[in-house]
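Hi everyone, thanks for coming. I'd like to walk you through one model today, so please have a look at it with me.

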Amino acid sequence: MELWIACAIGGLVFCGVYLILRARTFPVALGLTLLSYAINIFLFSMGRLKTGQPAVIGTSASYTDPVPQALVLTAIVIGFAMTAFLLILSLRAYVILGTDHVDGSEKNKQEAP
Amino acid sequence: MSHLIVVPFILPLLIGALLSWVKDEHISLQRNISLAASLALLVVALLLLSMAEQGGVQVYSMGNWHAPFGIVLVLDRLSALLLATTAMLALWVNFYAVAGDDQRGRNFHALFQFQLAGINGAFLTGDLFNLFVCFEILLIASYTLLLHGLGAERLRSAVHYVILNLVGSSLFLLGAGLFYGVAGTLNMADLARFVAQAQGDEQYLLQAAGWVLLLVFGLKAAFLPLHFWLPRAYASATAPVAALFAIMTKVGLYAILRMTTLVFGGQTGAAAGFGLDVLFVIALLTMMLGAIGAFAAGTLHSMLAYLVLVSVGTLLAGISMGSEAALTASLYYLLHSTWGIAGLFLLADLIAKQRGKLKGILRTGAPLLTPARLGALFFVGAVATAGLPPFSGFVGKLSLLQAAQGIQQGFLWVTVLLASLVVLLALSRAGSVLFWQHTGAIDEHARFSTPAFVSAVALIGSGVLLVIFAEPVLAFCQASAQQLLQPELYLQQLTGE
C-alpha cells in the first residue's frame, strides 16, 4: 500500500507542477488543486498507513493517529477557500486585463508597436 | 496563566467579524470601531510588553490542554516586542486610512482587523500547524487588501502574489507534515527537544523538513531568489496597505528566527547552526540587489519597495550571524525599518496626491502644494533609512557592523556600506526631482490632508524617538536576544508543567 500511495503522491505532484508552470491562470489553478491533493494525501500518510482501525486511543489495542486527519481537514478547508478565491481573481483579471496570461499581458503583443 | 495573552489574536478577529456586518454606508461607525480596536490593541500590546519585561516565558494553553498535546500561545520578549511594533504601526496606518483611503474599496476595516489577527497569531503561537493557520489568515486578508482600490496594475501583481503564496502554503504543509511524520509532534518546543536527540536518518529528514520551511518563510520574507513578487506588489498597493505590509516580511523573518534559535537552536547538537552560512550569503546579495533596484526604480513607490528588500537583507544578515550582539542589532533595526518604511510609504502617497497625473513617477513635474512640510519629512525619513547620523538607521546599522566577527566582518562591512551609499544616492536623486525640479503651476487637484500627514510624521518621527530612547530600547532588544539564545527557558515552561 505504501508504494501505491507514494506513486499517487508523485503522480499528482508531477501533474500539479507541470500545470503550474503553464502560464495561463486556469491551468495554474488546476495545478494548484492537484498539488494540494498530493500534499493532503502526504499529510494523511504521515500518521502511518493503517486500515480498519479506530482513530480513538484506548478503545482497542491499536489505533490510527487522529492528528494528521485533523490537519488534513483544516488543510482541505483552507485550500478550498483559497482555490475559490484564485478562480474569482483570475476571472476578474481576465475581464479587466483582457488576457488569461499570469503576467497580465501577452508577450507577442509587445512587438506590435 | 493570564488571559491577556490571547487578546491580541481574539480581539481583531471579533472586531473584524463585527465590522463585516456593518455596511459600508455607515463608514463613520466602521471607522470609530476600527480605530478604537487598534487603540485597545496597542494598550494590550504594551501591557504584554511589560509582562514580558519581567522575564520568563508565559504560556497560554487553549482550553487548558497542556503542551505538547494542546495548542499553546507563547509570550516571550521577542513576541511581545513584535506585537507592540505591529500594534503601533496598525494604529497609525488605521489613522491614515480613515482620512479617505478606506473608501476606495469595500470592507477595508474588517480586512484590516483580520490581517492584524493573522499577524499577531503568527507572533504568539507556539505550534507549527497553528503558525500555518495564522499565515493563511493573514494571507487571505492581504490578498484582498492588496486588491483594495482595484485597477489593472493591482490585479496584475495580485495574480502573482496569490499564486506564489498558494504554492508556498502547499510547501508549508509539506514541511509541517514531514516534521510530524518524523517527530510525532508539531509543538515547536517539543520539536526542538526531538531534533536535539535525533539520530541517523531522522536527522536528515528533519533537516529536509527544515529546508522546506525555510523556503516558505523565505518566500514571505522575500529574500533573494524568492523576492520577485515583492516590488510589484508593494509598489501597486494602496498607501495604507503598503504601509501595513511593512510588517509582513518581518513575519517571515520572525519564523526564520524561531527556526534557527529554537527548533534548530544552539544546543541541538549536530543540527546546530542549521543553514546560517547560506542565509548570510543570501542576505548580502539581497541587500545589494535591493539597493541597485532602488537606484534603478522609475517611481517613488517601487523605490520604496526595493528599500524593503534592503531592510530584509540587513535583518537576515543579523539573524544569520546569530550572536547575541547581532540579534540585538537586528531587533533594533527591525523596529526602525518597519516604522520608517511604513511612514515613507504614507509620505509617498501624500506626495503623489499633489503631483497630478505624474503621481509617483520620478520626472520633473508640477511643484507641490506643501513642499516645505513634505520635503522636511522626506529628508528625515531618507536620512534615517539610508543610515546616516543622527537618526535610528545609523544606530541600527552601526551596532550591526560592530556585531560582525571574523571573516563575516569584511563582507558585511563592504556590503552594508556600499548598499547604504547606493540607497543614499537613490533617495537624494528622488528627493531633488520631487522637491527641487519643477515646471508649470501647482496641480489644481492637489490635496493636503492634515490627519494623514500626522500619521506619516508619527511613523517617520519614530526614527528620532528611537535614537532618544536608544538605551532602553537596545537594552530590551539585548534581553530578547539573550532569551532567544537560551531556549532552555522556553522548553521548560512548555513541557515542565
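Let's start inside chain B: the buried residues of α16(B) pack against α13 (300–321), α14 (324–352), α15 (371–386), α17 (406–435), α18 (450–468) and α19 (470–485) of chain B. Contact here means that two C-beta atoms, placed from the backbone, lie within 7 Å. Helices are DSSP runs of H or I with at least four residues, strands are runs of E with at least two, and both are numbered from the N terminus.

Before I go on, a word on the ground rules. This is a predicted model, where local features need pLDDT of at least 70 and side-chain atom pairs count only at pLDDT 80 or more, while totals for chains, interfaces and linings use all residues. Residues are numbered from 1 along each chain as its sequence is written, and chains are lettered from A and ligands numbered from 1 in the order in which they are written.

Back to our helix. Which residues of α16(B) are buried? They are B:S392, B:G393, B:V395, B:G396, B:K397, B:S399, B:L400 and B:A403. Buried means 20 or more other C-beta atoms within 10 Å of a residue's own, exposed means 12 or fewer, and partly exposed is in between, again with C-beta atoms placed from the backbone. Helix α16 of chain B covers residues 392–403, twelve in number, and spans 17 Å from first to last C-alpha, close to the expected 16 Å; that expectation is 1.5 Å times one less than the number of residues.

For contrast, take B:A296, which sits in helix α12 (residues 276–296) of chain B. B:A296 counts as exposed because it has 12 C-beta neighbours inside 10 Å. Its C-alpha is 9.6 Å from that of B:Y306, ten residues away in sequence.

How confident is the predictor? On pLDDT, its per-residue confidence from 0 to 100, chain B averages 88, and 97% of the residues score at least 70. Among the elements of chain B, helix α4 (residues 108–124) has the highest mean, 94, and helix α20 (residues 487–495) the lowest, 75. The model as a whole scores ipTM 0.91 and pTM 0.93.

Now over to chain A. Chain A has three helices and zero strands. Its C-alpha atoms fill a box of roughly 75 × 25 × 15 Å along the principal axes. The radius of gyration is 20 Å, where a compact globule of 113 residues would have one near 13 Å; this is taken over C-alpha atoms, and the globule rule is 2.2 Å times the number of residues to the power 0.38. Buried residues make up 27% of chain A.

An unreviewed UniProt entry annotates "transmembrane region" at residues 6–21, 28–47 and 67–89 of chain A. Residues 28–47 of chain A are 90% helix, with end C-alpha atoms 30 Å apart, and residues 67–89 of chain A are 100% helix, with ends 33 Å apart.

One residue to find on screen is A:Y94, in helix α3 of chain A. A:Y94 is partly exposed because it has 18 C-beta neighbours inside 10 Å. Beyond its neighbours within four places in sequence, A:Y94 contacts A:T99 and A:D100.

Finally, where do the chains meet? The contact takes 27 residues from chain A and 21 residues from chain B. On the chain A side, α3(A) gives the largest share, 15 residues.

Note on methods
pLDDT is the predictor's confidence in each residue, from 0 to 100. UniProt positions are given in the numbering used here, feature names are shortened, and annotations may be inferred rather than shown by experiment.
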